[in-house]
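Trainee: I should like to examine how the terms used for this binding site are justified. May we take them one at a time?

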Amino acid sequence: MTSYDSENIFAKILREEIPCDKVYEDEFALAFHDITPQAPIHVLVIPKGEYISFDDFSAGASPEAMTGFYRAVQASAQKLGLGENGYRVITNIGRDGRQEVKHYHLHILGGGDMGLMKRGLA
Ligand code: 5GP
């Protein structure tokens, strides 16, 4: 695995070097609207530590950081009003997962029927 690049765009958002449209923040995580939404509501949730992906985070983060992060994802979805009708959470990992930004993030997608999951091979 390559090492964490502290110049990635989400690291810059965490350092407030570039702006974001913030939804939720606590000591563990920051949630903000995706710049190119793929659903009526499309929010990204990122942990505050330096983790490349779900794989990296799950292997290396402390139990406290993991619990705090996933609680922040749930709190973000609630704040967005998605609790009642539901939503989709996805994460892309590495080359085959087509991960573009190499700071771990979950996508919260909602605001309507997200449709069936379909297998997409390039
Ligand atoms: P990935 O493909 O890595 O799972 O998703 C990266 C996401 O980050 C994409 O949905 C993309 O639209 C979003 N994104 C990329 N650059 C920026 C940015 O500067 N600001 C925000 N808010 N979203 C970004």
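Mentor: Ala, Val, Leu, Ile, Met, Phe, Trp, Tyr, Cys and Pro count as nonpolar, Asp, Glu, Lys and Arg as charged, and the others, Gly among them, as polar. By these classes, the lining of the largest pocket has 11 nonpolar, 8 polar and 3 charged residues. The model is predicted: local features need pLDDT of at least 70, side-chain atom pairs pLDDT 80 or more, while totals for chains, interfaces and linings use all residues. Numbering runs from 1 along each chain as its sequence is written, and side-chain values use heavy atoms, without hydrogens and water.

Trainee: What makes a residue part of the lining of the largest pocket?

Mentor: On a 1 Å grid over the protein atoms alone, a pocket is an open set of points where a 1.4 Å probe fits, with protein on both sides within 12 Å along at least five of seven lines; a lining residue has an atom within 4 Å of a point. The largest pocket has 22 such residues, and Phe-10, Asp-34, Ile-35, Leu-44 and Val-101 lie nearest its centre.

Trainee: Why is the ligand said to sit in the largest pocket?

Mentor: A molecule sits in a pocket if more than half of its atoms lie within 2 Å of the grid points. The ligand meets this criterion for the largest pocket.

Trainee: What makes the pairing of Asp-34 with the ligand a polar contact?

Mentor: The term requires a pair of N or O atoms within 3.5 Å. A side-chain N or O atom of Asp-34 is 2.5 Å from a ligand oxygen, so the pair qualifies. For His-107, the side-chain distance to a ligand oxygen is 2.8 Å, so this pair also qualifies. Ile-35 contributes a backbone N or O atom 3.3 Å from a ligand nitrogen, which therefore qualifies.

Definitions and conventions: Polar contact = N/O pair within 3.5 Å; in protein donor to acceptor, adjacent residues only side chain to side chain.
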